Amino acid sequence: MQYVGTITISIVHKDPLVQAGLASTLAAQPDFIVEDAAACTPGTGGRRCDVVVADYDAAIELLSAGAWQGACARTGRTRILVLTQVGREADIRHALECGVQGYLLLGCSLDEVVSAVRSVHRGMLPLCALAAKRLADSMIREPLTLREKDVLGLMMTGQCNKTIAGHLNIAVGTVKSHVKAILDKLEATSRTEAVAVAESRGLIRRSAQPAALQPQAPAWRLASLRAMHPHAAALPTH
């Protein structure tokens, strides 16, 4: 097989076994060059990274640094491929909306990973079969309205209709109508089932914790993320 040029790859994955396995597998390809994050930092004399293979959190952290997206838009070079066990439809959709250019779930074949790296580099949007199916399923379902999500979020905490009505300053009858619509859209027969379905699909999230209580990314990973782009230094240091 003939290859046109080489693809420089950096890997940032929280699972050290996945990280090592990816590095070994990708480095064995004749057109791939696997370098660490620091070696791919623009402006340091190293090569600019063409494709970053990252876990879900690392990808979102990188893309949340606005300068990263801006640089990619200007240069058309660095692209991010996610390899993760995070497979809820809302999470997949969120990653793609943030700017991820490929999405694979752990359990896919090594050939799929290799092919996806080349596809991402060519500007395509590779998705594993399961990720593609979940996105397709989400497109044919009627989405919840913002108010229905508010009601569902309070249902998740075990609130009754009267309490939900008080929180949202709406009538109890209106809450009942929203609950019925939620059950219909989620194809659930009870409030408990509706909450379970919504959580499994990632349609609603638990209330955000105070910053002081939120789990922090390991120092080694933050260092790797910052090294990949000079403006990634805006990522938290604690």
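A residue is called buried when its relative accessible area is under 20%, exposed when that value is over 50%, and partly exposed in between. In this predicted model, 43% of the 238 residues of the chain count as buried. The chain has 11 helices and 5 strands, and its accessible surface comes to about 12,500 Å², of which 56% belongs to carbon and sulfur atoms. Among contacts between residues at least 6 apart in sequence, 65% join residues at least 24 apart.

**Strands**

Strand β3, residues 51-54, is joined by 4 bridges to strand β1, residues 7-12, and the two run parallel. One of the residues involved is Ile 9, whose bridge partner in β3 is Val 51. Strand β3 is also joined by 4 bridges to strand β4, residues 79-84, again in parallel, and here Ala 54 stands opposite Val 82 of β4. In a regular strand the side chains alternate between the two faces of the sheet. In β3, Val 51 and Val 53 point one way while Val 52 and Ala 54 point the other way, and all of these residues are buried.

**Nonpolar cores**

In soluble globular proteins, nonpolar side chains tend to be buried together. The largest nonpolar core of this model has 39 residues, and those with the most contacts inside it are Ile 9, Leu 26, Val 53, Leu 81, Tyr 103, Leu 104 and Val 117. Helix α2, residues 56-64, gives the most to this core, with 6 residues. A second, separate core has 21 residues, including Val 151, Leu 168, Ala 194 and Ala 198.

Leu 26 illustrates how the larger core draws on several stretches of sequence: leaving aside neighbours within four places in sequence, Leu 26 is in contact with Ile 9, Ile 11, Phe 32, Val 34, Val 53, Val 113, Val 114 and Val 117.

**The surroundings of Tyr 56, Tyr 103 and Thr 84**

How many aromatic pairs does the model contain? The count comes to 1 aromatic pair. The rings of Tyr 56 and Tyr 103 have their centres 6.3 Å apart and their planes at 70°, and because planes over 60 degrees apart count as edge-to-face, the pair belongs to that class. The pair links distant parts of the chain, since Tyr 56 lies in helix α2 and Tyr 103 in strand β5, residues 102-105, with their positions 47 residues apart in sequence. Both Tyr 56 and Tyr 103 are buried.

Thr 84, found in strand β4, is in contact with both of these tyrosines and also with Leu 104, Leu 105 and Leu 106, when neighbours within four places in sequence are left aside. The C-alpha atoms of Thr 84 and Leu 104 are separated by 6.5 Å, although the two residues are 20 apart along the chain.

**Cysteines**

A disulfide is a covalent bond between the sulfur atoms of two cysteines. The count for this model comes to 0 disulfides. The sulfur of Cys 108 has its closest cysteine sulfur in Cys 128, at 6.4 Å, and because a disulfide requires sulfur atoms within 2.5 Å, this distance is too far for a bond.

**Helix α9 and the adjoining loops**

His 178 has its place in helix α9, residues 172-186. Beyond its neighbours within four places in sequence, His 178 is in contact with Arg 147, Glu 148, Val 151 and Ile 170.

Most residues other than glycine have a negative phi, and most peptide bonds are trans. Asn 169, in the loop between α8 (161-168) and α9, has a positive phi of about 60° although it is not a glycine. Glu 187, in the loop between α9 and α10 (191-201), also has a positive phi, near 55°, and is likewise a residue other than glycine.

**Accessibility of selected residues**

The table gathers the values for residues discussed above, together with Cys 160.

| Residue | Relative accessibility | Class |
|---|---|---|
| Thr 84 | 4% | buried |
| His 178 | 17% | buried |
| Cys 108 | 19% | buried |
| Cys 160 | 41% | partly exposed |
| Glu 187 | 69% | exposed |
| Asn 169 | 72% | exposed |

Cys 108, at 19%, counts as buried because the cut-off is under 20%. Asn 169 and Glu 187, by contrast, count as exposed at 72% and 69%, since exposed means over 50%.

How values were computed:
Residues are numbered from 1 along each chain as its sequence is written. This is a predicted model: local features need pLDDT of at least 70, side-chain atom pairs count only at pLDDT 80 or more; totals for chains, interfaces and linings use all residues. Side-chain values use heavy atoms; hydrogens and water are left out. A nonpolar core is a set of buried Ala, Val, Leu, Ile, Met, Phe, Trp, Tyr and Cys residues joined through side-chain atoms within 4.5 Å. Buried means under 20% relative accessible area, exposed over 50%, partly exposed in between (1.4 Å probe, protein chains only). Contact means heavy atoms within 4.5 Å. Rings of Phe, Tyr and Trp (its six-membered ring) pair if their centres lie within 6.5 Å; planes under 30 degrees apart count as stacked, over 60 as edge-to-face and the rest as tilted. Two strands pair if DSSP finds at least two bridges between them. Accessible areas come from the Shrake-Rupley method with a 1.4 Å probe; for residues, only the protein chains shown count as cover.
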